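Here is a briefing on a predicted model. The points after the display are grouped by topic.

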Amino acid sequence: MPVLVENDAAWANALAAGLPSGTQVVASIDQLDNWLAKKEDEYAVVLGPNTDLNQAVELAERLRYDHPTTGIVLLRHELSAGVFQIAMSAGIPAVVAANDVDGMAAAVERSKITWEAIRGPADSSGERSGKVITVFSPKGGVGKTTVAVNLAVALSGTGAARVCLVDLDLAFGDVAITLQLIPEHTIAEAVDAEEHLDFGFLETLLTRHENCSILAAPTHPEGKDRISPALVRRVLRVLRRHFDYIIVDTSPAFDDQVLHAFDETDECILVATLDVPTVKNMKVAIETLDGLDLVSGHRHLLLNRADDEVGLSPANVETLLKMPVATALPTALAVANATNHGRPIVLSRPDHPVSKALIRLAMTLGSDSKDGKKSGKAEGTPIDSEHKRRVFGRRRK
């Protein structure tokens with residue numbers, strides 16, 4: 001995959017839209033160095049137009065020795081004979097105007113062809129075994145989507161991971177609008193390819209955000225009926241081979257699509273608020289998960305808008321649910337303000353208490369993935385459903 005270096009969010013968004021889904025975006029050369037130290041399958045580095053030219057030259061010198069098969073594409077606001085001469089001397093093979101997205105994409109594709117001619121097909125040396133993290137609540141209006149979106153951004157914001165956010169609230173999904181995105185494609189378009197779904201097709205359905213990729217829910221509620229549980233399972237299995245983390249935002253119900261997503265889940269975030277109806281529903285939900293033996297030992301209770309003034313306390317909830325509170329988020333108008341501006345709070349106000357709590361949760365969820373181990377499960381595989389109680393007679397294909 002390519003890596004894009006650009007510190008201006010607007011430029012990063014615009015350029016990432018012309019690059020393959022799954023392209024990593026980092027803000028600086030230092031972040032790029034950290035990324036390349038851990039990744040061996042990056043066939044191109046795209047240096048955004050706001051990258052310092054001297055730093056670009058120094059980077060080219062290092063990559064020549066450390067990553068000789070990785071191509072460099074340099075973007076400039078203004079092209080001049082001097083820029084071309086400097087790039088040629090540094091061994092940078094492609095210099096493209098900043099607004100020439102097609103030219104950038106073509107240069108990246110040439111880098112990929114060169115890489116594959118030397119090292120074989122990209123990603124063929126070994127597949128990722130990404131972690132699937134499902135965010136669930138049995139009741140709507142508790143901030144589930146806000147948590148899912150901010151968690152995805154927090155996991156990808158360090159420049160150390162590729163993240164895909166999947167909206168499985170198939171009738172009324174809000175992930176795209178929360179990020180103020182207008183997706184051209186949705187998961188509904190994967191229906192006809194269910195039996196032969198691969199990443200080459202699936203990535204054409206992804207919408208790029210500056211920090212992660214989005215697989216949007218259907219535009220209209222009736223689209224839900226066309227999406228089979230088997231398709232949900234296939235989508236998540238394909239994505240986990242190409243992303244480090246897959247965050248799944250679900251509907252507030254145990255429908256069959258959600259239950260199949262749970263089959264593929266490594267970690268589950270259960271979102272509740274401090275009100276009696278929500279806590280009652282959460283208790284029933286936990287009992288249901290227990291009865292189906294789903295994500296046992298890998299559940300994390302998150303209390304949103306957790307203010308003692310409402311009469312219930314986190315300690316009361318722990319007693320009622322017989323489960324510790326992993327994260328408690330205070331009520332904050334800043335969260336709603338960030339959502340209304342399409343800028344998740346972990347991006348717009350990273351020092352806010354809510355942001356800090358979500359970032360800590362992200363670090364906890366990601367801490368055991370970097371060494372290739374997965375929270376008590378075999379690497380790269382979901383829990384074998386033969387060891388689970390069947391849900392409504394479901395069987396894997």
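The second largest cavity lies between domain 1 (2-119) and domain 2 (131-368), because both domains give residues to its lining. An open sheet and a helix that lies across some of its strands are covered after the cavity.

**Cavities**

- Two cavities of 30 Å³ or more turn up in a search of the whole structure.
- The second largest cavity holds about 40 Å³ of space.
- Its lining includes G22, T23, Q24 and V25, along with A161, R162 and V163.
- R208, N211, C212, S213 and F243 also line the second largest cavity.
- Sorted by class, this lining has five nonpolar residues, five polar residues and two charged residues.
- In general, empty space is found by rolling a probe the size of a water molecule over the atoms.

**The sheet**

- Eight strands make up an open sheet with mixed pairing, and their order is β8-β9-β7-β10-β6-β11-β12-β13.
- The edges are taken by β8 (207-208) and β13 (325-328); each has a single partner strand, so one side of each has no neighbour in the sheet.
- In general, the strands of a sheet pair through backbone hydrogen bonds, and the pairing is either parallel or antiparallel.
- Strand β6 (residues 131-136) and strand β11 (residues 267-273) run parallel and are joined by four bridges.
- I133 is placed opposite E267 in β11.

**The helix across the sheet**

- Helix α10 (residues 256-263) lies across four strands: β6, β7 (163-168), β10 (245-250) and β11.
- Helix α10 runs at about 140° to β6.

Methods
Residues numbered from 1 in each chain as written. Predicted model: local features only at pLDDT ≥ 70, side-chain atom pairs only at ≥ 80, totals over all residues. Heavy atoms only, no water. Pairing = 2+ DSSP bridges. Helix = DSSP H or I, 4+ residues; strand = E, 2+ residues; numbered from the N terminus. Contact = heavy atoms within 4.5 Å. Axes fitted to C-alpha atoms, helices over the stretch in contact; angles between N-to-C directions. 1 Å grid on protein atoms, 1.4 Å probe; cavity = no way out; pocket = protein on both sides within 12 Å on 5 of 7 lines; lining within 4 Å. Points joined across faces, edges and corners; volume = space filled by probe spheres on them. Nonpolar A, V, L, I, M, F, W, Y, C, P; charged D, E, K, R; others polar. Domains from an automatic or database assignment.
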